[in-house]
Amino acid sequence: MISLLIPLSLAGGGLAAGVMLSTVIGIEPYTKAMPYDGYVRAISFLWPRYDPLMPIVNAITFLANAALAVLAPSAGARSLYTAAAALLALVMAVSVVKNVPINKYVTSLDPGDPPPDWAARDPRTRWRTWNLIRTVLVLAALAAAGAGAATLM
């Protein structure tokens with residue numbers, strides 16, 4: 001079982017970290033530079049593609065790390081996998097509590113009719129901040145899982 005969970009933990013963590021890092025270095029700066037209508041259209045296009053995938057990847061990766069936190073044969077590995085699972089739980093919490101509501105708000109907007117107070121309500125800076133936080137968390141989770149795997153080699 002452990003021999004299946006370790007690659008699942010690392011592959012899922014790598015996929016999650018890669019996707020989130022790509023938003024930090026490419027997608028977010030690009031959407032930040034867009035005018036209102038382009039931004040709303042871009043999020044309406046992108047979000048339905050990321051939303052079904054990333055919650056599944058994060059949940060599977062969390063479960064793999066949580067299982068390894070229980071099943072790993074050494075205390076050091078169990079501690080590292082516990083940390084990875086805890087960090088992934090934080091990633092999912094930030095996503096659900098902060099980023100998803102912002103995405104729902106943006107996708108509810110009419111690209112051709114900006115709210116009169118758009119300058120005050122533009123959520124791009126808040127979304128970027130929370131995305132950066134969860135990206136750091138998922139990278140730390142991947143590092144912890146990698147260290148856990150290394151202790152078992």
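User: Is Asn-131 buried or exposed?

Analyst: Buried, because Asn-131 has a relative accessible area of just 2%. The general idea is that buried means under 20% relative accessible area, exposed means over 50%, and partly exposed is in between, using a 1.4 Å probe and protein chains only. Before we go on, this is a predicted model: local features need pLDDT of at least 70, side-chain atom pairs count only at pLDDT 80 or more, and totals for chains, interfaces and linings use all residues. Residues are numbered from 1 along each chain as its sequence is written, and side-chain values use heavy atoms, with hydrogens and water left out.

User: Where is the place of Asn-131?

Analyst: Asn-131 belongs to helix H5, residues 124-151. Helices here are DSSP runs (H or I, at least four residues), as are strands (E, at least two), and they're numbered from the N terminus.

User: And with which side chain does Asn-131 make a polar contact?

Analyst: That would be Arg-134, at 3.0 Å, side chain to side chain. A polar contact is a pair of N or O atoms within 3.5 Å; within protein, one must be able to donate a hydrogen and the other to accept it, and residues adjacent in sequence count only if both atoms are side-chain atoms.

User: Let's try rings. How many aromatic pairs does a search of the whole structure find?

Analyst: Two. Rings of Phe, Tyr and Trp (its six-membered ring) pair if their centres lie within 6.5 Å; planes under 30 degrees apart count as stacked, over 60 as edge-to-face and the rest as tilted. Tyr-36 and Trp-118 make an edge-to-face pair, 4.9 Å from centre to centre with 75 degrees between the planes. Tyr-36 lies in helix H2 (residues 36-71) and Trp-118 in helix H4 (residues 118-121), so this pair ties together parts that are 82 residues apart in sequence. Tyr-36 and Trp-118 are both buried.

Now take Tyr-39 and Trp-118: their ring centres are 6.2 Å apart and their planes are at 45 degrees, so this pair is tilted. Tyr-39 is in helix H2 and Trp-118 in helix H4, so the pair ties together parts that are 79 residues apart in sequence. Both of these residues are buried too. Put together, Tyr-36, Tyr-39 and Trp-118 form one aromatic cluster.

User: What lies over the face of Tyr-39?

Analyst: Arg-124 does, at 4.3 Å from the ring centre. The rule is that a charge sits over a ring if NZ of Lys or CZ of Arg is within 6 Å of the ring centre and within 35 degrees of the ring normal. You can spot another case at Phe-45, where the charged end of Arg-49 sits over the ring, 3.7 Å from its centre.

User: How many salt bridges does the structure hold?

Analyst: Three. Side chains of opposite charge can pair when their charged atoms come close. For a salt bridge, a side-chain nitrogen of Lys or Arg must be within 4 Å of a carboxyl oxygen of Asp or Glu. Arg-124 turns up again here, joined to Asp-122 at 2.7 Å, N to O. Arg-124 counts as buried because its relative accessibility is 9%, whereas Asp-122, at 24%, counts as partly exposed.

Asp-37 and Arg-41 meet in a salt bridge as well, at 3.4 Å from N to O. They both lie in helix H2, four residues apart, about one turn of the helix. Asp-37 is partly exposed at 32% relative accessibility, and Arg-41 is partly exposed at 47%. There's also a bridge between Asp-117 and Arg-121, at 3.9 Å, N to O. Asp-117 is partly exposed at 35%, and so is Arg-121 at 38%.

User: Last one: which residues form a nonpolar patch on the surface?

Analyst: Met-1, Val-70 and Leu-71, with about 340 Å² of accessible area together. Patches are made of residues with over 30% relative accessible area and no salt bridge: like charges are joined within 9 Å, and nonpolar side chains (Val, Leu, Ile, Met, Phe, Trp, Tyr) within 5 Å. Accessible areas come from the Shrake-Rupley method with a 1.4 Å probe, and for residues, only the protein chains shown count as cover. Met-1 is in the segment before helix H1 (2-32) and is exposed, with a relative accessible area of 67%.
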